[in-house]
Amino acid sequence: MQDHADAALEAPLRIGVAGLGNVGATLVRIIQKDGEELTRKLGRKITVTAVCARSRSRDRGIDASNLEWFDDPVALAKSDSIDLFVELIGGEDGPALAAVKAALEIGRPVVTANKALLARHGVNLARAAEESGAQLGFEAAVAGGIPVIKTLREGLGSARIARVYGIMNGTCNYILTRMGNEGISFAECLADAQKLGYAEADPSFDVDGFDTAHKLAILASLCFGCEIAPDEIFVEGITSISQADIKVAGDLGYKIKLLGIAQRSADGIDQRVHPTLVPKTSAVAGVDGVLNAVALETDHVHELLLAGPGAGGPPTASSVLSDILDIARGTKVPPLGVPVAELTPYRRAPIREHEGGYYIRLNVRDVPGAFAAIATRMGAAGISLESVIQRPDLRVSEPGVTGTESRTVVLLTHSTMEQTVRDALQAIKGDGFIVGDPQMIRIEQL
Ligand SMILES: NC(=O)c1ccc[n+]([C@@H]2O[C@H](COP(=O)([O-])OP(=O)(O)OC[C@H]3O[C@@H](n4cnc5c(N)ncnc54)[C@H](OP(=O)(O)O)[C@@H]3O)[C@@H](O)[C@H]2O)c1
């Protein structure tokens with residue numbers, strides 16, 4: 001005799017989709033097109049029965065004739081006409097949060113691609129899901145089409161993660177790749193990214209590193225069993241990266257990538273987002289253009305690199321669909337990998353105690369004694385230099401500074417504590433031998 005749970009897993013799964021933009025409309029299209037094949041794979045019919053967006057009249061390239069329409073995402077989330085609620089509206093609060101909460105509170109499973117929502121409210125939403133026994137899937141929220149959440153929650157469920165790092169913003173990776181390949185400026189690359197639809201009209205969330213920080217906060221929670229803490233991340237974007245940096249880094253055997261990095265340290269969890277010099281021979285250096293990659297360093301598997309499309313309608317909808325299939329099969333996993341009560345409070349390791357190598361670019365005034373003064377400051381701070389390169393051919397103009405003869409000098413340090421480097425650069429600036437601010441980029445040995 002069949003019990004109720006088995007019977008429920010054979011009944012058709014009725015899906016309600018809120019948000020019919022890039023991802024939502026693509027998801028509906030895929031389910032409408034591949035429905036029969038999905039049903040065969042699952043042994044259970046899955047079907048989109050209800051949708052919600054702002055405009056009823058917009059042509060979205062989907063057949064909406066048999067779909068129940070809702071103007072209010074919360075009403076859809078609570079409607080008895082669906083079994084699973086998919087949130088593809090976006091935004092960390094507002095209708096997305098209200099609708100997801102409403103569904104979870106009545107025990108209805110939810111799938112979302114919303115990293116902002118997860119980064120801000122993930123712990124509370126996971127708690128609400130646990131309390132009502134609902135599933136919460138968010139594979140698409142980190143690195144679009146790359147199945148990194150499933151890998152962490154299930155594939156590597158028993159592994160101890162030492163470090164996670166990756167390229168998690170396609171816009172930044174596209175800009176840095178083109179700057180490297182074509183020798184063009186940040187501004188030109190950004191303008192092209194906007195024309196091609198890779199970057200928003202206001203690109204600051206991407207290029208200032210906050211989008212990567214949201215994704216990193218979610219990954220760090222899954223990797224280290226800690227609370228999600230997006231505001232505790234050290235964040236530096238890519239807007240200050242110049243052609244001079246790209247060229248010198250290249251000559252020294254490095255590429256510059258915007259990395260999100262989280263690792264355990266004696267003081268807590270060290271979480272950083274910043275432009276990083278990575279060896280050209282490292283796997284992550286080969287991940288170019290709009291692609292994303294996430295590397296997981298574990299005790300037994302060592303390093304695992306997952307790379308692929310981090311955004312776009314079809315890759316993102318494919319991750320949403322993979323969560324839907326898991327729920328349709330009855331797979332049950334705690335949303336954050338462990339029960340919420342087991343999450344440890346987040347303890348931030350201060351960036352000033354970060355130890356590593358540094359790339360430092362200075363515009364040094366062309367006057368006697370300047371170079372000796374810089375070397376003296378570095379020596380006095382106990383900073384050991386791996387190389388010193390003078391590149392008079394690579395002059396970087398500083399805003400508001402004209403008519404000063406200067407030359408570009410690049411220093412590469414051996415492993416040093418960040419605060420020591422910052423103090424030395426402050427002293428060098430105070431000596432008056434450099435023009436503008438020093439450029440400092442962290443080097444990561446991968
Ligand atoms: N696009 C990607 O490549 C990508 C990748 C990874 C994750 N994501 C995440 O996926 C989610 C959706 O992204 P998207 O690119 O598909 O966004 P989008 O194209 O801007 O679509 C948003 C949809 O939400 C609807 N909407 C907005 N406010 C609403 C409200 N108050 N009530 C009902 N519907 C509302 C819009 O309706 P109208 O169409 O009527 O205006 C639109 O259909 C976001 O959380 C995003 O971060 C996207």
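Four exercises with worked solutions follow, set on a predicted model.

**Exercise 1. Parallel sheet**

Task: Work out the strand order of the open sheet with 6 strands, and find which strands stand at its edges.

Solution:
- Start with the order. The open sheet runs β3-β2-β1-β4-β5-β6.
- Add the direction. The pairing in this sheet is parallel.
- Look at the ends. β3 (68-70) and β6 (136-137) each have a single partner strand, so one side of each is left without a neighbour in the sheet.
- Check one end in detail. Strand β5 (residues 110-112) is joined to β6 by 2 bridges, and the two run parallel.
- Place a residue pair. Val110 stands opposite Leu136 in β6.

**Exercise 2. The partners of β13**

Task: Determine which strands β15, β16 and β17 are in residue terms, and how many bridges each shares with β13.

Solution:
- Take β17 (residues 434-443). β13 (residues 355-365) pairs with β17 in the antiparallel sense over 7 bridges.
- Take β15 (residues 406-413). β13 and β15 pair over 7 bridges, again in the antiparallel sense.
- Take β16 (residues 416-417). Its antiparallel pairing with β13 covers 2 bridges.
- Now go to residues. Ile360 stands opposite Met440 in β17. Ile360 also stands opposite Leu411 in β15.
- Finish with β16. Here Gly356 has Thr416 as its bridge partner.
- Recall the general rule. Strands of a sheet pair through backbone hydrogen bonds, either parallel or antiparallel.

**Exercise 3. The ligand shell**

Task: Describe the residues around the ligand by proximity, by element and by class.

Solution:
- Count the shell. There are 25 residues around the ligand.
- Pick out those that come nearest. They are Gly19, Gly21, Arg54, Gly90 and Ala311.
- Assign elements. Helix α2 (residues 22-42) gives the largest share of the shell, 3 residues.
- Sort by class. The shell holds 12 nonpolar, 10 polar and 3 charged residues.

**Exercise 4. Glu200**

Task: Locate Glu200, and decide whether Glu200 is buried, exposed or partly exposed.

Solution:
- Begin with the record. An unreviewed UniProt entry lists Glu200 under "binding site".
- Find the place. Glu200 sits in the loop between α8 (186-195) and α9 (204-207).
- Count neighbours. Glu200 has 14 C-beta neighbours inside 10 Å.
- Apply the cut-offs. A residue is buried at 20 or more such neighbours and exposed at 12 or fewer.
- Conclude. The count of 14 falls in between, so Glu200 is partly exposed.

Conventions
Residues are numbered from 1 along each chain as its sequence is written. This is a predicted model: local features need pLDDT of at least 70, side-chain atom pairs count only at pLDDT 80 or more; totals for chains, interfaces and linings use all residues. Two strands pair if DSSP finds at least two bridges between them. Helices (H or I, at least four residues) and strands (E, at least two) are DSSP runs, numbered from the N terminus. A residue is near a molecule or strand if its C-beta atom, placed from the backbone, lies within 6 Å of it. Ala, Val, Leu, Ile, Met, Phe, Trp, Tyr, Cys and Pro count as nonpolar, Asp, Glu, Lys and Arg as charged, and the others, Gly among them, as polar. UniProt positions are given in the numbering used here, feature names are shortened, and annotations may be inferred rather than shown by experiment.
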